[in-house]
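Me: I would like to learn how to read the surroundings of a bound molecule. Could you take me through an example slowly?

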Amino acid sequence: MQAIARLCCLMLLPLAGLAEAEPGRELAARQGIAYPAVIAHRGASFDAPESTAAAYVLARELGADYLELDLQRSKEGVLVAVHDNDLQRTSDVAERFPERKDSPVNAFTLAELKSLDAGSWFNQAYPERARPGFKGLQILTLDEVMDIAEGDAQKRPGLYIETKVPSLFPGIEADLNARLQARGWLEQPGRVVLQSFDRNSLALLHKHMPQVPKVLLLWIGKGSIEPASTQSFAQSGETDKAAFYARQQPRSRAEFERWLDYAKAAGAIGTGPSAALSAGGAQSYADLVQPWMNQLSHDKGLLVHVYTVDEDVDFAKVMAAGVDGIFTNRSGRLLQYFSRPAVLSEAQILEAQGF
Ligand code: G3P
Ligand code: CA
């Protein structure tokens, strides 16, 4: 009998070892969240204009686990997917509404937002990835992103929704709850993950949707983790912002831990820390996924979903450091890295989908 028990223990050892090596796997399973999670940042936004139908359909067809979006609200109260605080970078607002070009999203009615071209800027910025089908793409409502997520019976990505500048949109957490409820999106555990840099907004999301997994986004700077050095980018004399960010460290281990505790207090099941990217660039920030940070997060029962990583060298680095999921502009590349490659290339999918 003892021999049999020992044999069982020996057989279980590799599994126990795996659980230790991947502490986030069980945490993710408990929440119904894929592990490791492939989160399509503003859709497949390397290959198509961010937050448009092309980007979200492409991410869905590639097989991403989640479509990520930044939630804002039109003048009359319709929820829309827009990242920036204004519309200048990703639309023709400066030509269409020059007097309001730097106004926030809620200065525009839905009809006005819908009249903007949210695709042509991409063709100009990235001529090597430009496509005629991107011209005239529209800003999407939350409902339209849900329609896309539901649009292929074989591929059913979830939504990973960020309340963006929530102070501009009082009540947006309740509005979001109402839309998700109305569409039956809250019935399946882990189909929606909610995220915010703003812990007050996160707490409000928790109040309205206590059962839905939530993630507190982390970075080093105002309103988040305090840095070890108080020298600003301007004071540093640095010209490369990514290089400046890469040198930033939390003021202390206790300061980092304080933010994990804020996350838990606001009802979060995980954090979304920034990453420093090997090649730098506009989406490279402080390295907040150092092994000790991820271990501390796991010790507190928190998942770690890092933003925003696009290259194999960085996928390898953050996975080795212990993260549980990755926000990426390149879902196809990350899925390939995780040995879940799509059958068709990005260009083939876009062609087949009419873009
Ligand atoms: O939501 C995760 C990541 O998207 C946070 O950064 O600025 O791209 O929304 P941002
Ligand atoms: Ca976001």
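Reply: A residue is near a molecule if one of its heavy atoms lies within 4 Å of it. By that rule, the residues around ligand 1 are His41, Arg42, Glu68, Asp70, His83, Glu162, Lys164, Gln195, Phe197, Leu217, Tyr307 and Phe327. This is a predicted model, in which local features need pLDDT of at least 70 and side-chain atom pairs count only at pLDDT 80 or more, while totals for chains, interfaces and linings use all residues. Residues are numbered from 1 along each chain as its sequence is written, chains are lettered from A and ligands numbered from 1 in the order in which they are written, and side-chain values use heavy atoms, with hydrogens and water left out.

Me: Which side chains have an N or O atom 2.7 Å from an oxygen atom of ligand 1?

Reply: A polar contact here is a pair of N or O atoms within 3.5 Å. The side chain of His41 has such an atom 2.7 Å from a ligand 1 oxygen, and the side chain of His83 also reaches a ligand oxygen at 2.7 Å.

Me: Which protein donors does the calcium ion (ligand 2) have?

Reply: Donors are N, O and S atoms within 2.8 Å of the metal, or 3.2 Å for Na, K and Ca, and sites may look incomplete because water is not among the atoms. For the calcium ion (ligand 2), the protein donors are Glu68 (OE), Asp70 (OD) and Glu162 (OE), at 2.2 to 2.4 Å, and their spacing in sequence is E-x1-D-x91-E. Asp70 also has a polar side-chain atom 3.3 Å from an oxygen atom of ligand 1.

Conventions. Polar contact = N/O pair within 3.5 Å; in protein donor to acceptor, adjacent residues only side chain to side chain.
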